[in-house]
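Please open the model in your viewer and keep the sequence beside it. The tour below moves from one selection to the next and says what is there.

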Amino acid sequence: MRLHHWIFLLQFFFSQPLFAKCGDFLNGEASESTKYNYEEIFNQILKAKCFFCHGEDGRREGGVDISTYPALIKDLKRIEKAVFIDKIMPSGDFLTAQQYAKLRAWIDAGAPE
Ligand code: HEC
């Protein structure tokens, strides 16, 4: 068999439900997607790393409020830029690698409520 036949067979194999988890494993973080909603992202990441300056007691640094879903969505593009591109937020404290991966996966999944 030629190489592309093997590749096709492997893709077929990992597309089967029973083996899909292995496929996710081979694809690294792919299995992270769609698992989180706003509440989980808030409780696991934003509450500890952003809330203090962007929501608590009316504090809205840079005009950004992450304390409710609609407020966060309004500034999602700025948030994505500040955290992942400019890497200026959170200020003072970084996210753990796992928190970065979760936030990335949540945004990539369309930031579901
Ligand atoms: C210790 C306080 C503090 C924390 C914690 C913090 N920020 Fe900020 N943030 C600021 C300040 C101050 C500004 C305004 C900076 C400026 O205008 O120059 C800002 C600005 C921003 C902006 C606007 C950037 C722009 O100019 O478009 C975004 C988006 C943002 N923060 C997101 C976040 C996110 C997401 C987190 C958590 C992961 C976070 N921040 C954590 C203090 C904080």
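**Start in a loop**

Select Val64, which lies in the loop between α3 (38-49) and α4 (69-74); helices here are DSSP runs of H or I with at least four residues, strands are runs of E with at least two, and both are numbered from the N terminus. What you have open is a predicted model, in which local features need pLDDT of at least 70 and side-chain atom pairs count only at pLDDT 80 or more, while totals for chains, interfaces and linings use all residues. Residues are numbered from 1 along each chain as its sequence is written.

Val64 is partly exposed, because 19 other C-beta atoms lie within 10 Å, where 20 or more would make a residue buried, 12 or fewer exposed, and anything in between partly exposed, with C-beta atoms placed from the backbone. Now add His54, which is 10 residues from Val64 in sequence and 5.7 Å away in space, C-alpha to C-alpha. Not counting residues up to four places away in sequence, Val64 touches His54, Asp75, Arg78 and Ile79, a contact being two C-beta atoms, placed from the backbone, within 7 Å.

**Along α3**

Next select α3, in which Ile41, Phe42, Ile45, Leu46 and Lys49 are buried. Seen down the axis of α3, these buried residues fall within an arc of 130 degrees, so they line one face of the helix; the arc is that of the directions from the helix axis to the C-beta atoms. Turn to the face of α3 away from this buried side and you will find the exposed residues Glu39, Glu40 and Asn43. Show α6 (97-108) as well, since what covers the buried residues of α3 includes α6.

**Into the core**

The largest nonpolar core has 13 residues, and among those with the most contacts inside it are Ile41, Val83 and Trp106; such a core is a set of buried Ala, Val, Leu, Ile, Met, Phe, Trp, Tyr and Cys residues joined through C-beta atoms within 7 Å. The elements that give two or more residues to this core are α3, α5 and α6, and α3 gives the most, with four residues. Leaving aside neighbours within four places in sequence, Trp106 is in contact with Tyr36, Ile41 and Ala111.

**Around the ligand**

Finally, select the ligand, which 18 residues surround, the closest being Cys50, Cys53, Glu61, Gly62 and Pro90; a residue counts as near if its C-beta atom, placed from the backbone, lies within 6 Å. Helix α5 (residues 76-85) gives the most to this shell, with four residues.
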